[in-house]
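Please work through the following exercises with the sequence and the model side by side, and try each task before reading its solution.

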Amino acid sequence: MRVVDVMTADVVAAQPEWSLKQAARVMIEAGVSGLPVIRSDGTVVGIITEADFIETEAGRAIGRQRLLDTVFGEKRTRTPSTVDAAMTPSPIVVDRNTAIAEAARLMTERNVKRLPVVDPKGRLEGIVSRGDILVAFARDDDTIADAVEQGVLRRILMLESRDVSVRVSEGVVMLSGEVPNRSDA
């Protein structure tokens, strides 16, 4: 199964020049915890998430400490007010043909909850989230068996169903039969 099979294609996105308040309102209205950030040409330049808002708010909480820092000559950056200033730039992205297992690995290794899906020019096509990946795990056994038969046996290995039988029980695939080449096995 590939990312294109589970991704959300109708994605709400933010613009870099938006205020944080505008992005927060859009996230709340859309019921999402993060937004890809795109330029006017659709190119993904960042991602803004709840975590970015929490970090920004935490920065405001230490405002009194900043006064002391100023007195003692320490410089601190200003609290961001735009999406561009608060977003995570250059997010990890995938293309539509990325295997779901690879997307899950990237999310786990990089500790992210969503991956923008981009075309070869870096333009936003969709987004895949941990919830979308969960859908793949929840597929029923018949759907999994059909995907293995059609996607692996027929399209990739070019075998007939009479050569190899597919049984799936509780998401575990069992294959039996004979294949013409050892490399196919």
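**Exercise 1.** Which backbone nitrogen does the side chain of Asp132 reach, and at what distance?

*Solution.* Before starting, note that this is a predicted model, in which local features need pLDDT of at least 70 and side-chain atom pairs count only at pLDDT 80 or more, while totals for chains, interfaces and linings use all residues. Residues are numbered from 1 along each chain as its sequence is written, and side-chain values use heavy atoms, with hydrogens and water left out.

Step 1: locate Asp132 in helix α6, residues 130-137, where helices (H or I, at least four residues) and strands (E, at least two) are DSSP runs numbered from the N terminus. Step 2: follow the side chain of Asp132 to the backbone nitrogen of Ser129, which it reaches at 2.9 Å. Step 3: look for a salt bridge (a side-chain nitrogen of Lys or Arg within 4 Å of a carboxyl oxygen of Asp or Glu). Asp132 has none, although it is buried, that is, under 20% relative accessible area with a 1.4 Å probe and protein chains only. The nearest side chain of opposite charge is that of Arg114, 8.9 Å away, with Lys and Arg counted as positive, Asp and Glu as negative, and His and the chain ends not counted.

**Exercise 2.** Describe the surroundings of Asp119, beginning with the loop that holds it.

*Solution.* Step 1: find Asp119 in the loop between β4 (114-118) and β5 (124-129). Step 2: assess its accessibility; at 14% relative accessibility, Asp119 counts as buried. Step 3: trace its side chain, which reaches the backbone nitrogen of Arg123 at 2.9 Å.

**Exercise 3.** Which side chains of β6 point to the buried face?

*Solution.* Step 1: along β6 (residues 164-169) the side chains alternate, and Val164, Val166 and Val168 point to one face and are buried, whereas Ser165, Arg167 and Ser169 point to the other and are not. Step 2: turn to the partner strand β7 (residues 172-177), which runs antiparallel to β6 and is joined to it by six bridges; two strands pair if DSSP finds at least two bridges between them. Step 3: check the register, in which Val164 stands opposite Gly177 in β7. Step 4: inspect the hairpin, where two residues lie between the strands and Glu170 takes a positive phi near 55°.

**Exercise 4.** Work out the strand order of the open three-stranded sheet and its pairing.

*Solution.* Step 1: the order is β1-β2-β3, with antiparallel pairing. Step 2: β1 (34-38) and β3 (88-89) each have a single partner strand and stand at the edges, so one side of each is left without a neighbour in the sheet. Step 3: β1 is joined to β2 (residues 44-49) by five bridges, and Gly34 stands opposite Thr49 in β2.

Conventions. Buried < 20%, exposed > 50% of the residue type's maximum accessible area, 1.4 Å probe, protein only. Polar contact = N/O pair within 3.5 Å; in protein donor to acceptor, adjacent residues only side chain to side chain.
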